[in-house]
Amino acid sequence: MDSNKKYWKGLEELNRTPEFVEKNKHEFAEPIPIEEVLSGGGLSAKTPRRDFLKALGFGVGAVTLAACQKVPVHKSIPYLVKPEEVTPGVANYYTSTFEGNAILVKTREGRPIKVEGNPNDLLSKGGLSAQGQASVLDLYDTNRVQDPMLNGSTSGWAQVDAFVKSELAAVVAAGKTISIVTATKSSPSTQAVIADFITKYPTAKHVTYDAVSYTGIIKANQNSFGKAVLPHYNFDKADVIVSFGADFLGTWISGEEFTRQYVSNRNLKSLEEKKMSRHIQFESGMSMTGTNADARIAIKPSEEGPALVNLYNAISGTTLPGSKKLSNTKADTAIKIAANELKAAKGRALVVCGSNDVATQVLVNAINSLLGSYGTTIDLDNPSRQYAGNDSDIVEFIAAAKGGNVGAAIFLDANPAYDYHSTAAVAGALKKVRLKVSFSDHADETAALCNVVAPNHHYLESWGDDSAIEGYYTVIQPAINPVYNTRQAETSLLVWSDNTAKDYYTYVRNNWNTKLLAIGGLSGQAGWETLLQTGFVKAAPVAAGTYNFSLDLNAVAQTIFSQSAKLGEGVSLAGKKVELQVYQNNAMRDGKRSNNPWLQELPDPVSKVTWDNFVAMAPSDAKKLGLDEFGVVKVTANGYTVELPVLEQPGQAPDTISIAVGYGRTAAGKVGDGVGKNAFPFYSFLNGTFQTIAQATIESTGDTFPLSQTQTHHSYEGRNVIRETTFAEYKKNPEAGKGEEEGEHKKYDLWENTNNDHIHARPVYDWVMAIDLNACTGCGACVVACSAENNVPVVGKEEVGRRREMHWIRIDRYYSFDKNGEAEADERTGMVTKEKEIAKLEDFSNVTVVHQPMLCQHCDHAPCETVCPVLATVHSSEGLNQMAYNRCVGTRYCANNCPYKVRRFNWFNYWNDSRFDNYLNNEHTQLVLNPDVTTRFRGVMEKCSMCVQRIQAGKLKAKMEKRPLQDGEIKMACQQTCSANAIIFGNRNDKNSEVYKALQSERTYYVLEELNVQPGIGYQVKVRNTGTESLA
Amino acid sequence: MRNISLILKQFSRSVLLVAGLVAAGFNAHAQADAAKGEAIFKAKCTACHKIETRMTGPALGPQLTEETDDAYLIKWVQNSQALVAAKNPKAVKIFNEFNGTPMTSFEDLSDADVSNVITYVRTEWKKIQEAPKPAGGDTATEDKGPSSVVVWGLIGVIVIAFIVILVLNKVIGTLERLLLNKGGVALVEEDEEEEKAKADRTAIFKKIIKNKKLVFFIVVCGTIAMGSWQWVTLWNTNVHQGYQPVQPIKYSHELHAGVMKIECQYCHVAAFKGKNASIPSLNICMNCHKSVKTESAEIHKIYDALGYDPNTAKYDSTKAKPIQWVRIHNLPDLAYFNHSQHVKVGGIKCQTCHGQVQEMKEVYQYSPLTMKWCIQCHKRTEVNGKGNAYYDSILAAHDKIKKGEKVTAAVLGGIECAKCHY
């Protein structure tokens, strides 16, 4: 079925718009005007000939003068007293914790340069999110607050302490309350510090709220089972997963952990055992999880509640009052099929919902209870502690502050002036608060309203601990001395509350000595030292109990129906009324890290947009509104209006729009300021929780605002590079969908038979990769990991728009129309698709997606190598396509000739050019660079080196230890961070290696194999578990 | 008379002999005392004490000269802690001055032994004080060979001599002419001859110019010479072989590695562990130089850098400032070089690339550090894989292909781009 399925990266490719066709004629978006200069253009040309000659003359002169320079004097400054554990040139690794995930911090000469997952981490087993990878760059952010601030001016810690203490005393004397407003603090020691602070100041109250909240689930569990907790989900135990708008592989609760669990039922190993889970996704906007689903049904936000009611009815066999058939017939059928499948998989089923509405989540609890999920796929006894925020607390806090009852407000990891739905209310309320303290490490929106800014350490400078799941305790240890004059927030709280422990390290030690070390069977100094090496302790998990839902659902159903009716009332494009869904995107999340250029430039997994948020709209809706590409619309909901460009997003439910939060920061720093628009004000507070959906009016402004979208960069010109099959087909024939018939071309070869040729022999190592398309979720963590490891520059929005992004690895996202398994006659043409097919299948809500990580394929017969006039790119005896930057003269022939379009050209000196003020041109942030990898100069080509520095380091380690190299010892940066283990790297010559075994899989195919370039990266066919019944 | 004188002579001789013997005997007694003391001092005291400077314990010369109460000193040496415990004010004072570091008790030393040591120390200290101080004390300049003053002086002398010779020649010429004038010899003739000769010379020159073959030959030679010069110069642009910058501290590898035979990795600790050989941090210097050559001005540069006060043996980190060595071996950043690969795995001696460092007073760049130089070595050096399990299968695989030929680093891919450039 693969060969007649058409894949396309974007609508422009599908429709073959004139701009797209024009742009793809050229390898580079803007050709160099050489002809103009050399021919008749003369002085009127962009670069006049005389200017050119002047520049040439000056250049030659300057170079000659520069060459007269004597030996440049380099100073070498050794340590005065070398720390014992530091050996110059050798990396040290320290255990720590990033957002509950145990990590390893790689430091060189005492400065952290990379963060990697701890292979023993309970959650993601060595995987790490893009945010975690990018977090190391925040350490060197020059926009951090560098000294404590008192009333807007730089101050010292002694003055700040004196001021805060006297003010706190005054607040207490006045009988006002003190509020400590934080995001969820799952750290036991931080919680204890706050508790101690409250003991000292009894009028203090701890207000926990999360910008993106899970209060709905917590309150529903309180309601249904009397346990106000966020459950721990086990996607690995679920054979059938039905998700209603929960982006559980990406942004929902614990994406990395869920990815690992989810993929374990869909990867190579599972498929070889003929096992694959089934995943059905109902959602409005296309989420990354939706792109991975076996079946995805686009529904409006207003249909979500009624759909859940119908699912409950179908599973329970009862009918809740008010139930009726869904008007969306496709969804209606799908619900019935999903119900049947869920029932069949009782005890191995899981229903999740991304809504923050209590009633909806109660209904989900009821469904899961019917399915016997509690105790198997849902664990309420070892709950997650990642989110514990209570939405009503922050609302009450704002109200109390407004009423003048709050005397002091202390903000820790909380930025309500940006992420509260009414920023005006926050500003107004804080005016009436006497003492306002922000622990923010950036002068963020809330810090601007505070009289004291007591900058917190970056987590890599901190002591501390964390506990993502009950019974799992991880430690945070500093990997560097504080870069600026900052102080850990907990220390500040200890000082202000006159605690006996004067610094937080002592406090953490005491806490672990008395409570936590014993959990891991450790004690004393030796126990602490063991902990610092392993990174965590883990209690034996409590057996997950089963829970039965026994409440009456009639009221719940009533609430759901009335909310749904209100939301869906009068929605139509003609009336310019749509349903708005506010979501988190995979890179920016809640916007706390928006000053991080690595994350800003990471293309969104679905839209492939960088450096912006936008209004996602179904292509048919955009057409109805008469919008051009990236036409700007005015969206108004809940009394808030923004103007944002429209992105035509296949898969978006008609009459709905989606806008991502995390953008529109005004005080994030020079990178994040002014990127996109803030969508938090679209939130509303209803029934005790923040609602992420609303009815909105929409109108075109007639403007356009181009987005830098990478989806159609690096085109294959319609060549089919994706192979896909269904699980049913796979079971019949494991080689299904491999497209073997395409390999029947006569193979032409520029090289002679190489069997006995030394040059192409791989006597010892043959480094190759295997990438499982069925495991890759498209999250993009590998892209950031690669940037961190290989010093890949950030180029900014403008340059991305010119197709000049530098990422060595990209995730290509391909759409295709879901034909629901209908066999079609082979209609292969050179075109991506036929016009009549578009006409027939214009239902853009019905697309399927495949993600394909694309990087240098290290072809054995590499086309780039044969065209390089200076032999800057040649092959190694270990199967690597090597790139010698200093030989490269920048002809770019190699990029032209690369069929995979994985070569990147340095248009500028990104590390020394004031126009690229992102991070590399700054002496301070340059400290994050990996010293084992050169930074590339303007005018040279670069590309994936297969982390050759890691290969060399791995070999050297084995040599020094006088032992053979082990399989799996060398890991690529992209492979290491992948929670899904989609990428396997190794030596193909070793018949016992993981990669050899993976490549022996029946599913393995090579992209563009018919060109006979003999790529070194094998992909495994995507398998979709389409189920037995047609969903449409 | 003669007899008497003989007798007298004999007598006086014997008297002198006896006197001499007695004197010698007295002398011998005094020397034995100090010699015994010296032996004991060297065996037991030098671990913590020096005569002229402070080490773990006080500088003994001034200390023992100021303190004249020998009985107290003997008691102190035999059991200092007893004195401290007895709250002897002098004992307590010095004990506290040295941060409560107790001196080892030497109960095995008799009173006589201790007084021998005291005598020895006092005499030595006297000698040191009486000895004339070396002027300037700058031994380093002597080491340096001819100083710049000498060199310029020599050049000046040569220049002056040259001028004198020129002037003298001129004078001689003038005198000769005067003589000839006086003699009335036809000078005119000579002038004519001179003109003739001049004409001849230009004729020869013209002739030569007309000889096209010769001109061609000269031009070709010139081009070749200039070309080769340019070729060599271009090849050696940015090759700094022999580069020997002046370092902030006059550290001599010849002394440390050559005379003292200290292993290279004692100081360059990281060479066997990783990429950088590492310039030693100053705490390594202080392992020895806390007590060795403490008076040297160069060593004091180390103390200053560390903020170390040799008199109190205390560090003041606020005064610390790093030493800025001038880097000699500048491999460009685009080339990755790992010391441990070469010295630990390859077993290559430091001298192979760095030259006979143990004979260098000041280190200079011995090797050209060009890529050609790297590659030549990779092509010629056989891989040192014996006894390293890592290489077993690799060498076996290569033996299959190469059929027993020499397996060099190049054969294992040691001259491929990405071995050094990434």
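Which residue is the bridge partner of A:Leu580 in E26(A)? The partner is A:Ile657, and this pairing offers a way into a predicted model with at least two chains, A and B. In this predicted model, local features need pLDDT of at least 70 and side-chain atom pairs count only at pLDDT 80 or more, whereas totals for chains, interfaces and linings use all residues. Residues are numbered from 1 along each chain as its sequence is written, while chains are lettered from A and ligands numbered from 1 in the order in which they are written.

A:Leu580 is named in two pairings of strand E21 of chain A, residues 577-583. Helices (H or I, at least four residues) and strands (E, at least two) are DSSP runs numbered from the N terminus, and two strands pair if DSSP finds at least two bridges between them. With strand E26 of chain A (656-660), E21(A) pairs in the parallel sense over 5 bridges. With strand E29 of chain A (693-704), E21(A) pairs in the antiparallel sense, also over 5 bridges, and there A:Leu580 stands opposite A:Ala694. Strands of a sheet pair through backbone hydrogen bonds, either parallel or antiparallel. E21(A) is mostly covered, with 6 of its 7 residues buried; a residue is buried if 20 or more other C-beta atoms, placed from the backbone, lie within 10 Å of its own, exposed if 12 or fewer, and partly exposed in between.

The domains of chain A, whose bounds come from an automatic or database domain assignment, are domain 1 (149-208 + 389-469 + 472-538), domain 2 (215-384), domain 3 (570-709) and domain 4 (715-1024). Between the C-alpha centres of domain 1 and domain 2 of chain A the distance is 36 Å. Their contact takes 5 residues from domain 1 and 4 residues from domain 2, where two residues are in contact if their C-beta atoms, placed from the backbone, lie within 7 Å.

Chain A also holds an open sheet of 7 strands with mixed pairing, in the order E6-E5-E17-E16-E15-E7-E8. Strands E6 (153-154) and E8 (204-208) of chain A each have a single partner strand, so one side of each edge strand has no neighbour in the sheet. Within this sheet, strands E16 (435-438) and E17 (452-453) of chain A are parallel partners over 2 bridges, and A:Val437 has A:Val452 as its bridge partner. Helix H15 of chain A (391-402) lies across E7(A), E8(A) and E15(A), running at about 135 degrees to E8(A); axes are lines fitted to C-alpha atoms, for helices over the stretch in contact, and angles run from 0 to 180 degrees between N-to-C directions.

Another covered element is helix H9 of chain A (255-263), in which 9 of 9 residues are buried, A:Phe258 and A:Arg260 among them. Its cover includes strands E3 (101-108) and E9 (230-233) of chain A.

Chain B has 19 helices and 3 strands, and 15% of its 422 residues count as buried. Its interface with chain A brings 46 residues of chain B into contact with 43 residues of chain A. On that side of chain B, H18(B) gives the largest share, 7 residues. Strand E3 of chain B (325-326) also contributes, and E3(B) pairs with strand E1 of chain A (75-76) in the antiparallel sense over 2 bridges. There A:Ser76 stands opposite B:Trp325.
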